[in-house]
Amino acid sequence: ERSSSPQGDVFVDQIYMAQVLATSLPDGWSLYIKEHPTQWLYRGTRFFSYRFSGYYKALASIPRVCVVPLETSTYTLTGHAKAVATMTGTAGFEAIVRRRPVLAFGYPWYRGAPGVFDVRDNASCRKALATIDSGFSTSEEEVQRYLCELDTFSFHGYIDRDGQTVSALSAQENAQILAREISTLLSRPVTNSSRA
């Protein structure tokens with residue numbers, strides 16, 4: 001499950017992530033947690049190896065935390081949020097385009113976007129939330145510039161079965177595109193500015 005492990009780093013333990021967030025919240029803030037609906041897509045709601053029995057009770061028992069129903073609209077939550085916190089999820093990118101600050105607890109592909117705060121521990125979480133609470137915002141121009149750059153340096157392709165279901169590319173076409181782009185990237189000279 002690449003997006004949680006390894007890209008989530010220590011926050012693959014999402015109860016730990018919720019504890020860090022909850023203990024870092026400014027006065028008057030609450031933490032609303034919504035589960036990703038695909039958690040039960042393949043095995044149903046009776047079992048999932050990443051969610052032990054009592055998992056949601058453990059989340060809900062953290063002070064200032066509210067676990068919201070699965071049917072709750074992510075867009076509604078984002079629209080009323082002061083910030084969105086995620087490990088690597090799409091909700092973070094959706095928040096960026098809506099000009100909501102994002103606390104990234106993992107290594108999402110949009111990590112360098114405007115308004116994304118890199119969170120590694122309690123101290124960085126408190127600092128990010130204090131900055132947001134003091135009125136931080138991004139401009140529409142910053143977001144548009146980021147999206148234009150993203151479009152310029154992107155290419156059409158997929159890396160998983162979900163991408164394959166929505167792409168017009170055949171598996172062979174996709175493989176050729178991916179191979180070409182990887183080859184191009186590897187053949188670029190390494191400079192100080194291109195090391196990440």
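**Notebook: charged pairs, rings and cysteines**

I began with R120 and found that its side chain meets that of D118 in a salt bridge, with 2.6 Å from N to O. I note at once that this is a predicted model, so I write of computed values throughout.

Next I looked up how open the two partners are: R120 counts as partly exposed at 25% relative accessibility, and D118 also counts as partly exposed, at 35%. I then asked which other side chain D118 meets in a salt bridge. The partner is R111, at 3.3 Å from N to O, and R111 is partly exposed with a relative accessibility of 33%.

I searched the whole structure for salt bridges and got three. Another of them joins the side chains of R180 and E181, at 3.1 Å from N to O; R180 is partly exposed with a relative accessible area of 47%, while E181 is partly exposed with 24%. Shared partners join R111, D118 and R120 into one network of salt bridges. As a reminder to myself, side chains of opposite charge can pair when their charged atoms come close.

I returned to R120 to see what else lies beside it, and found that R120 sits over the face of Y107, at 4.2 Å from the ring centre.

That led me to the rings, where a search of the whole structure gave five aromatic pairs. In one of them, F93 and W109 have ring centres 4.9 Å apart and planes at 45°, so I entered the pair as tilted. Why does this pair tie together parts that are 16 residues apart in sequence? It does so because F93 lies in helix α4, residues 90-97, whereas W109 lies in the loop between β4 (102-104) and β5 (116-118).

I followed W109 to its other entry: the rings of W109 and Y110 have centres 5.4 Å apart and planes at 85°, so this pair is edge-to-face. Are W109 and Y110 buried or exposed? W109 is exposed, with a relative accessible area of 52%, but Y110 is buried, with 0%. Ring pairs link F93, W109 and Y110 into a cluster.

Last, I looked for disulfides, each of which would be a covalent bond between the sulfur atoms of two cysteines, and the structure holds zero of them. I still looked up two cysteines: C125 is buried, with a relative accessible area of 0%, whereas C148 is exposed, with a relative accessible area of 51%.

How values were computed: Residues numbered from 1 in each chain as written. Predicted model: local features only at pLDDT ≥ 70, side-chain atom pairs only at ≥ 80, totals over all residues. Heavy atoms only, no water. Disulfide = S-S within 2.5 Å. Buried < 20%, exposed > 50% of the residue type's maximum accessible area, 1.4 Å probe, protein only. Phe/Tyr/Trp six-rings, centres within 6.5 Å; stacked < 30°, edge-to-face > 60°. Helix = DSSP H or I, 4+ residues; strand = E, 2+ residues; numbered from the N terminus. Lys NZ or Arg CZ within 6 Å of the ring centre and 35° of its normal. Salt bridge = Lys/Arg side-chain N within 4 Å of Asp/Glu carboxyl O.
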